[in-house]
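Here is a friendly tour to read alongside the sequence and the coordinates. Keep the viewer open as you go through the points.

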Amino acid sequence: MNDQIGALFVQVAYIGASAAFILGLRGLTKPGTARRGMQLAAFGMLLAIIGTLLNHEIITYEFIIIGLVVGTAIGLPMGLLVPMTAMPQRVAISHMFGALAVTLVGIAEFLHYRDIPGGPGAVKMVALGFETLFGALTITGSFMAFGKLQGILPGRPITFFGQKFVNAAIFFGAVALYVTLVVTQSGGATDAAADLGVPMFFAMTALALIIGITLVLPIGGADMPVVVSLLNSYAGLAASATGFAIGNNILIVAGALDGASGFILSILMSRAMNRSFANVLFGAFGGEKVAVAGKSAEGLTTRSVTPEEAAMRLGYARNVIIVPGYGMAVAQAQHAVRELAELIEHRGGRVRFAIHPVAGRMPGHMNVLLAEANVPYDHLFDLDEINGEFAACDVALVLGANDVTNPAAKSDPGSPIYGMPILNVADAEQVIVVKRGMATGFAGIENELFYLDKTSMLFGDAKSVLGQVVSEVKGL
Amino acid sequence: MTTAILTAIGAAAAIAALTGSPVAPDAPTLVDLQIVEIYVFLLAAFTGFQIITKVPPLLHTPLMAATNAISAISLVASIVIAGAERPLYINFMGAVAVAAATVNVVGGFVITDRMLRMFKRTEAPK
């Protein structure tokens with residue numbers, strides 16, 4: 001009887017937690033309700049953990065306590081101290097931790113079922129195999145993404161001869177092992193084929209780990225928003241599969257929410273780069289297009305300006321749109337930008353920020369950096385909201401953004417980025433581009449915007465150059 | 001959106017087809033075991049799609065951090081493996097899984113809150 005009451009309590013806790021997760025995510029649909037929503041979700045998580053600790057299957061608490069203490073000791077400082085500029089890396093590495101937990105659960109459950117007469121059976125094996133396959137490839141994939149974002153690995157795509165063939169062979173090898181496992185594991189540990197179950201399972205896991213590496217290595221830094229979203233989705237699906245494997249509904253619900261979120265973000269990101277979703281799923285990004293060079297810049301000249309001159313134009317402008325990109329994040333120029341924006345507003349001008357969906361290295365990257373620098377979120381505008389406004393603005397200040405402003409995406413069908421939605425910076429009356437040098441963006445193509453008559457280049461590190469502009473505007 | 005739902009239904013149908021194949025005599029059938037779970041998955045995925053498509057791009061980074069923290073619910077499965085009556089090495093694997101999932105639960109919710117605290121509106125003119 002006591003067991004039954006305990007089980008009932010666990011289920012009630014899980015249902016409460018599921019509701020808290022869904023309502024918490026609904027809070028995220030508005031900036032004003034987001035914080036409370038997430039506090040509700042965290043409460044749901046606490047409820048689920050307490051419910052689980054009361055599970056009658058649990059006979060020893062030492063390992064649980066050690067795990068909780070170690071995890072908190074790593075997680076808490078990470079949560080409190082990671083700077084906002086390092087957010088893409090931190091999200092990538094957290095996908096790795098989530099996938100690691102799921103994969104270990106998958107392996108442990110598989111070994112557990114092997115000891116039970118009858119084995120896991122085909123039904124459980126489908127879920128367990130899926131869980132471990134996706135979990136394992138997410139572990140290494142996320143770690144590679146982390147390495148690229150952190151700068152441990154080169155950000156450029158790493159490719160070698162015959163890569164696609166090798167990748168396909170590994171992928172089909174893993175799938176073949178998965179299918180064989182599902183077919184053979186229904187009869188239990190007694191029959192001959194099933195005796196190979198354990199080595200086959202570990203071989204499949206090893207292949208999945210390799211797939212994670214080969215999937216992310218050929219992908220360049222600017223494609224990271226898609227990769228990070230996709231790995232987010234995989235981690236969620238693996239968690240959901242765990243729920244199927246152990247018959248736990250809250251895992252299914254939470255995993256499905258995470259999977260849906262990552263899936264939606266992947267679609268939004270790939271759409272913002274004009275890639276089909278299939279193209280994203282098969283990891284073919286970054287490969288071909290780098291080789292294709294756009295129009296050459298020969299015979300074209302740019303005009304450069306000094307910070308003093310830029311300050312004159314910005315200081316007397318009535319309507320300014322700032323276009324931040326990855327360069328702003330690298331230079332950590334968000335605080336200098338905010339100061340400049342406040343100065344212009346103080347002088348009576350209007351300042352808005354135009355955020356391209358794939359600006360930076362993860363979805364929403366620019367928004368978080370600008371929020372950190374105290375830029376109010378009602379000054380930040382999406383592509384669709386602001387694109388019509390460039391024609392009416394005096395100065396468009398492009399800050400470390402490149403490909404997302406390239407007019408070739410609209411005008412040149414031969415360009416590798418043709419068809420990609422861009423910010424219509426070229427419509428502005430004049431354009432100031434802050435840039436380190438004339439290097440091309442990730443796509444490896446020239447940006448015609450830089451050679452327009454209305455464009456002035458302000459060369460230098462975004463943070464120090466903007467610092468000079470700010471002090472010049474103050475002196476006006 | 002429609003594509004997404006169709007994909008989900010297709011995936012569920014594929015799982016159903018796979019799991020519905022004849023298994024060992026006494027093994028539970030699809031109807032006993034998995035159909036309810038497939039319902040749960042589909043409804044949760046559908047709800048997730050409905051809500052998450054309404055999250056503005058402004059909050060996409062906090063959304064990622066938040067869903068990552070939420071999917072660290074695999075902590076509950078890890079806890080059972082770490083504490084249940086299993087061989088020692090399995091309990092140990094469970095402990096590592098508990099640690100990894102706890103990193104995401106604690107770190108994920110803390111960092112999401114840190115980010116959301118920063119998003120502010122323009123202050124009303126004095």
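The expected span of a helix is 1.5 Å times one less than its number of residues. This is a predicted model, and the briefing begins with a helix to which that rule applies.

**Helix α5 of chain A**
- Helix α5(A) covers residues 121-150, and its 30 residues reach 42 Å from first C-alpha to last, close to the expected 44 Å.
- Because 28 of its 30 residues are buried, α5(A) is largely enclosed by the rest of the structure.
- Just after α5(A) comes G151(A), with a positive phi of about 90°.

**The sheet of chain A**
- Six strands pair in parallel to make an open sheet, in the order β3-β2-β1-β4-β5-β6.
- At the edges stand β3 (380-382) and β6 (455-459), each with a single partner strand, so one side of each has no neighbour in the sheet.
- From one strand to the next, the twist averages 25°.
- Strands β4 (residues 395-399) and β5 (residues 430-435) run parallel and are joined by five bridges; A396(A) has V431(A) in β5(A) as its bridge partner.

**Helices on the sheet**
- Helix α14(A) (residues 334-346) packs on the sheet, touching β1, β2 and β4, and its direction makes about 170° with that of β1(A).
- Helix α15(A) (residues 365-372) lies across β1, β2 and β3, at about 145° to β2(A).

**Where chains A and B meet**
- In this interface, 102 residues of chain A are in contact with 86 residues of chain B.
- The chain A side has 64 nonpolar, 30 polar and eight charged residues.

Conventions. Residues numbered from 1 in each chain as written. Chains lettered and ligands numbered in written order. Predicted model: local features only at pLDDT ≥ 70, side-chain atom pairs only at ≥ 80, totals over all residues. Helix = DSSP H or I, 4+ residues; strand = E, 2+ residues; numbered from the N terminus. Buried ≥ 20, exposed ≤ 12 C-beta atoms within 10 Å, placed from the backbone. Contact = placed C-beta atoms within 7 Å. Nonpolar A, V, L, I, M, F, W, Y, C, P; charged D, E, K, R; others polar. Pairing = 2+ DSSP bridges. Axes fitted to C-alpha atoms, helices over the stretch in contact; angles between N-to-C directions.
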